[in-house]
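Me: Please take a close look at a single part of the structure shown below, and explain how that part is held in its surroundings. Please then set it in the context of the whole chain.

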Amino acid sequence: MDSHGKTHQREHEDDVISPKPVALSKYSNRIELKTLLERSDGGARLAGKRVVIGGWVKSSRAVKKDSPAPPPQPSSAAVPPPPSTTKSNISCTEIIQSKMNIFRKLFDVLSGGGKTTYPIFDKPEITGQKATSPPEYTIYFLISDGSSVNSLQVVVDSAMSTIPATQLMSLGTCIVAEGVLRHPLAASAKHVIELEAEKLLHVGTVDPEKYPLSKKQLPLHLLRDFSHFRPRTTTVGSVTRVHSALTLASHTFFQSNGFQYVQVPVITTTGFGEMFRVTTTLDKEEKKHDGLSIETVKAAIKEKSRLIDHLKRSDSNREAVAAAVHDLKKTTDLAAQLEKKQKPKAATQKLDFFGCDAYLTVSGRFHLESYASALGKVYTYGPRFTADKIDNARHLAETWNVEAEMAFSELDDAMDCADDFFKFLCRYLLENRHEDMKFISKRVDKTVTTRLEATASNSLLRFSYTEAISLLQTGTTRTFKTKPKWGVALTEEHLSYLTDEICKGSVMIIHSYPKEVKPFYVRLNDDKKTVAAFDLVVPKVGVVISGSQNEERFEILDASIKELGSTSREKYEWYLDLRRHGTVKHSGMSLKMEHMLLFATGLPDIKDAVPFPRSWGKANN
């Protein structure tokens, strides 16, 4: 057979309806919609194939079988079909009934929108009662299964299900259907393929009165109260797929560059800053007085004693003096309780689960150093915790960081790695999540694609902390809340001005900070004033990657630990051991995944960049 004949045969085979469902996805008896809709032809060549699909209703409408039906629109109210022209005799009742949906939709818009669709149904069907001769409808669904930003139109006969059509059509209903793919019958259809369902294998209904999502687009901050449902929205679904792609890209980058993946502990005995303590010994009294220090209570005792002396000298009434004395006694008793708790601390620690103070980790780089000292180049990815009582658009109590550590490397090497890694993530999204980035650029931020392309192709600006301070001091007449002067930590306001105004939206790396503003373990530079640390800063977000060359010289690190206090010496002994035995120059970095996602999507608040945000005063689900 010649090539023309073979081509003709294949085209003919594509038009033949398959007797069995096409199995195109693993671990499920359904086909993922991205397999259909993200093909170069949009799935057109799969017409005639029998498939099983499953997903959740994004929008729906129903029309009588003798009425033409344009496809449903995902982001606007359904428009009723024009009346059929095939009938010559139309009763007055049918005319009124065909117009009712228009009035219902008009009322729905004027009243602020609603969650329920209102197709034209006879009263017995609406109430779930059996009608003597129930009308037959063709229901048009837009179904999404989360694998793609696109939705599939599914055409269902209302007689196919015993569930009332109004309940079947509710937003959020889960449907599993088997049928045949076909080209849409309507010439104006936006899709190149749709599913003509032959049977419904599963229907998971919702309660429209209690289901929190609606066809009307809800602001992201309102969706946070329903974090278990918000991934069903198109925006959050796209952001989640981008998040997943960034995670895969991170592993791909480090694995392809010779790094070994290492798991580091979430519970640690070392750290810095505000940390969450892990303990099993809190009793009711400790919980009651949690946060009170003995110094605070003793200061209150002195103040209350002075108050009593003042009341006695001013000839105050006996009741006021008695009340003050009683209050002083309660405070004195509280001080005694706190002192009693502090005395048997060693005994208490023996009873605690770990036998010592333990915390949720703020960084995995300490533990990575031990493996870098044996394997050369290592990385990890996991949750990090900070107990700072901050509630803003850039802070979470729980974040996920990608961290890397490299032996035989210095500050410039770490900055080069961060530069390459950041650009790789940008390119990966552009090449592998095109449809989601296209949607996000329409719905969230029009500049995201341009920003990613510019970052991936241009060199990142680099300058020292000293140069940054000079730019802030001489490059503007603007007044900052925190005056920029050498030795002051750069604030979000400083960084925003540098990226947006000085660098005109470019990504930059700032390095060589004063030792006072960076952790104790960062390597001291030769000038004895600065340390080998850097931050990769992006517009509108701030710091996305932090890194440093850590101190490999035992004497200098030992002196820094001593400055922390005598209680710190013991818990850092294992860290000092790495300098005692086979020390080596090493550097590394830490990428804040949620902040990277803010840069990649243009989301304004970090709480919308994670599935279940944890922040000060908030821990839903």
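Reply: Two strands count as paired if DSSP finds at least two bridges between them. The model discussed here is predicted, and the part chosen is strand E15, residues 542-550.

On one side, E15 is joined to strand E14, which spans residues 530-538. The two run antiparallel and are linked by six bridges. Val 538 of E14 has Gly 542 in E15 as its bridge partner. E14 and E15 together form a hairpin, with three residues lying between the strands. Within that turn, Lys 540 adopts a positive phi of about 70°.

E15 also pairs with strand E16, residues 586-592. This pairing is again antiparallel and again comprises six bridges. Here Asn 550 of E15 stands opposite His 586 of E16. E15 thus has bridges both to E14 and to E16.

The burial of E15 can be reasoned through as follows. A residue counts as buried when its relative accessible area is under 20%. Eight of the nine residues in E15 are buried, so the strand is largely enclosed by the rest of the structure. Across the chain of 621 residues, 45% count as buried.

The same criterion can be applied to two cysteines. Cys 503 has a relative accessible area of 8%, and because this is under 20%, the residue is buried. Cys 356 has a relative accessible area of 28%, which lies between 20% and 50%, so this residue is partly exposed. The structure holds zero disulfides.

As to the wider setting, the chain contains 21 helices and 16 strands. Among contacts with a sequence separation of 6 or more, 69% are between residues 24 or more positions apart. The accessible surface of the chain amounts to about 33000 Å², and carbon and sulfur atoms contribute 54% of that area.

Confidence should be considered alongside these features. The average pLDDT of the chain is 83, and 80% of its residues score at least 70. Two segments have pLDDT under 50 throughout: residues 3-16 and residues 75-99. Beyond four places in sequence, the model has eight contacts for residues 3-16 and 25 contacts for residues 75-99.

Definitions and conventions:
Residues are numbered from 1 along each chain as its sequence is written. This is a predicted model: local features need pLDDT of at least 70, side-chain atom pairs count only at pLDDT 80 or more; totals for chains, interfaces and linings use all residues. Side-chain values use heavy atoms; hydrogens and water are left out. A disulfide is a pair of cysteine sulfur atoms within 2.5 Å. Buried means under 20% relative accessible area, exposed over 50%, partly exposed in between (1.4 Å probe, protein chains only). pLDDT is the predictor's confidence in each residue, from 0 to 100. Contact means heavy atoms within 4.5 Å. Helices (H or I, at least four residues) and strands (E, at least two) are DSSP runs, numbered from the N terminus. Accessible areas come from the Shrake-Rupley method with a 1.4 Å probe; for residues, only the protein chains shown count as cover.
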